[in-house]
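Let's take a friendly walk through a protein model, one piece at a time. Keep the 3D view open and click along as you read.

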Amino acid sequence: MATTPDITGGIDCEESRIPQLKPIEETLQKLVHRAFASGGERGQAVKNFLNGTWIGEPLHVILTDIPIGAWTVALVFDGLDLMSHKREFAVAADASIGIGLAGAVGAAVTGVTDWQDADAPARRLGMIHGLLNVSATALFITSLVLRKKKSRTSGRVFAGLGYAVMSIAAHLGGKMVYEHRVGVDRTDGAAFPQDFVPVMAESDLAEAKPTRAEHDGVPILLVRRGDRIFALAETCSHFNGPLSEGKLVGDSIVCPWHASRFMLEDGRVLDGPAVHPQPCLQVRIQNGQIEIRKLLCDDAKPARSPEVESAGAGQPA
Ligand code: FES
């Protein structure tokens, strides 16, 4: 796996508290990475599915709602059972724990798939988040076993402990998203020009060489393929990887950091771990200059100005 710089700007408190864990998390990441890579194209397809490339959102964040919701409901049914001593509530609590356990398996598999491409310090936080969730799951399994063995009171205690551990894990999961921006579209908020602006002389753009241009400090990827020129946001939607240092594969570009692959034509994700498409820009050639602008809503309509080509492609006007 490619080594990436610390993109979040430093070591956080979790990292400084437990430095001895670093080799473990790196080794684990490599093992997971190797397992998917050994599957070749099929392994990549499975990874894409688990990342959520096909829905444009991380599948993990959807599946985590199942154990959190089901185990919350289980605790409510336990409370009702305690108050009313009605068997239906006890049965409902047990069923809810079972549903939560099934959801926890899906959440764990998708979480590990996402985590293998996380960089420090989110990588360490992610491992702790995962270990806590495994612990919470183990406590709920114990709770279910005890309930089946007619030790319902002990089962309730274990469920309560499991819920407490799960809550801490959920808190760390929130930190990963809101503080370290794991799973968040890193291109969101990039200010691309509304009107066409020149970014490079056409003669300076070599054939099939991903090239970085800039407008107002915002990096733009330019790629010439034959008589077409494509323009995308240059920093990857996954973790800001520099796409101008990536590799061209046909009419797609592969990110140098974690190998997400985007279609040059429209920026859609072909391979994860990225799940958000790469913003694509409109291109035209004016007076020997490559000009780009943001894709506007009106440009999606069939009738277009004759000098404007389709999104992500350009011809001389
Ligand atoms: S930064 Fe991770 S795939 Fe581009």
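What follows is a tour of helix packing, nonpolar cores, a few single residues and some backbone details.

Before we start, keep in mind that this is a predicted model.

## Helices side by side

Start with helix α5, which covers residues 65–84, and its partner α6. Their axes lie 8 Å apart and the packing angle is about 165°. Angles over 145 degrees count as roughly antiparallel, so α5 and α6 are roughly antiparallel to each other. As for handedness, α5 passes α6 in a left-handed crossing.

Which residues do the touching? On the α5 side you'll find I66, P67, A70, W71, V73, A74, F77, D78, L80, D81 and S84. They meet F89, A90, A92, A93, S96, I97, I99, G100, G103, A104 and A107 of α6. Sorted by class, this contact has 16 nonpolar, 4 polar and 2 charged residues.

Now follow α6 (residues 87–115) to helix α7 (residues 122–148). The axes of α6 and α7 come within 10 Å and cross at roughly 160°. That makes α6 roughly antiparallel to α7. Here too the crossing is described as left-handed, with α6 passing α7.

On α6, the contact with α7 uses D94, I97, G98, G100, L101, A104, A108, G111, V112 and W115. On α7, the residues are G126, G130, N133, T137, F140, I141, S143, L144 and R147. By class, the contact of α6 with α7 splits into 9 nonpolar, 8 polar and 2 charged residues. If you compare the two lists for α6, you'll spot I97, G100 and A104 in the contact with α5 and again in the contact with α7.

## Two nonpolar cores

Next, let's look at where buried nonpolar residues cluster. The largest nonpolar core has 30 residues, and L221, L222, A231, L232, L281 and I292 touch the most other members. Which strands feed this core? At least two residues each come from β1 (197–201), β3 (218–225), β4 (228–233), β9 (281–286) and β10 (289–294). Strand β4 gives the largest share, 5 residues.

There is also a second, separate core, made of 17 residues. Among its members are W71, L139, F140 and M166. You've met two of these names already: W71 is part of the α5 contact with α6, and F140 is part of the α7 contact with α6.

## Four residues to click on

Here is a quick look at how crowded four residues are, counted by C-beta atoms within 10 Å.

| Residue | Where it sits | Other C-beta atoms within 10 Å | Class |
|---|---|---|---|
| L50 | helix α3 (residues 40–51) | 22 | buried |
| S252 | strand β6 (residues 252–254) | 18 | partly exposed |
| R181 | loop between α8 (152–178) and β1 | 16 | partly exposed |
| H85 | loop between α5 and α6 | 9 | exposed |

Why does L50 count as buried? The cut-off for buried is 20 or more such atoms, and L50 has 22 C-beta neighbours inside 10 Å. Leaving out residues within four places in sequence, L50 is in contact with L59, V109, T110 and T113. The C-alpha atoms of L50 and V112 are separated by 9.4 Å, although these residues are 62 residues apart along the chain.

S252 tells a similar kind of story. Not counting residues up to four places away in sequence, S252 touches R261, F262, M263, L264 and L270. S252 and V269 are 17 residues apart in sequence, and their C-alpha atoms are 9.4 Å apart in space.

## Backbone details in the loops

Finally, zoom in on the backbone. H85 isn't a glycine, yet its phi is positive, near 55°. R181, also not a glycine, has a positive phi of about 60°.

Where are the cis peptide bonds described here? One runs from A120 to P121, with omega near 0°. P121 sits in the loop between α6 and α7. Another cis bond links G272 to P273, with omega near 20°. P273 lies in the loop between β8 (269–271) and β9.

Methods:
Residues are numbered from 1 along each chain as its sequence is written. This is a predicted model: local features need pLDDT of at least 70, side-chain atom pairs count only at pLDDT 80 or more; totals for chains, interfaces and linings use all residues. Axes are lines fitted to C-alpha atoms, for helices over the stretch in contact, and angles run from 0 to 180 degrees between N-to-C directions. Helices (H or I, at least four residues) and strands (E, at least two) are DSSP runs, numbered from the N terminus. Angles under 35 degrees count as roughly parallel, over 145 as roughly antiparallel, 65 to 115 as roughly perpendicular and the rest as oblique. A crossing is left-handed if the near helix is turned anticlockwise from the far one by less than a right angle, and right-handed if clockwise. Two residues are in contact if their C-beta atoms, placed from the backbone, lie within 7 Å. Ala, Val, Leu, Ile, Met, Phe, Trp, Tyr, Cys and Pro count as nonpolar, Asp, Glu, Lys and Arg as charged, and the others, Gly among them, as polar. A nonpolar core is a set of buried Ala, Val, Leu, Ile, Met, Phe, Trp, Tyr and Cys residues joined through C-beta atoms within 7 Å. A residue is buried if 20 or more other C-beta atoms lie within 10 Å of its own, exposed if 12 or fewer, and partly exposed in between; C-beta atoms are placed from the backbone.
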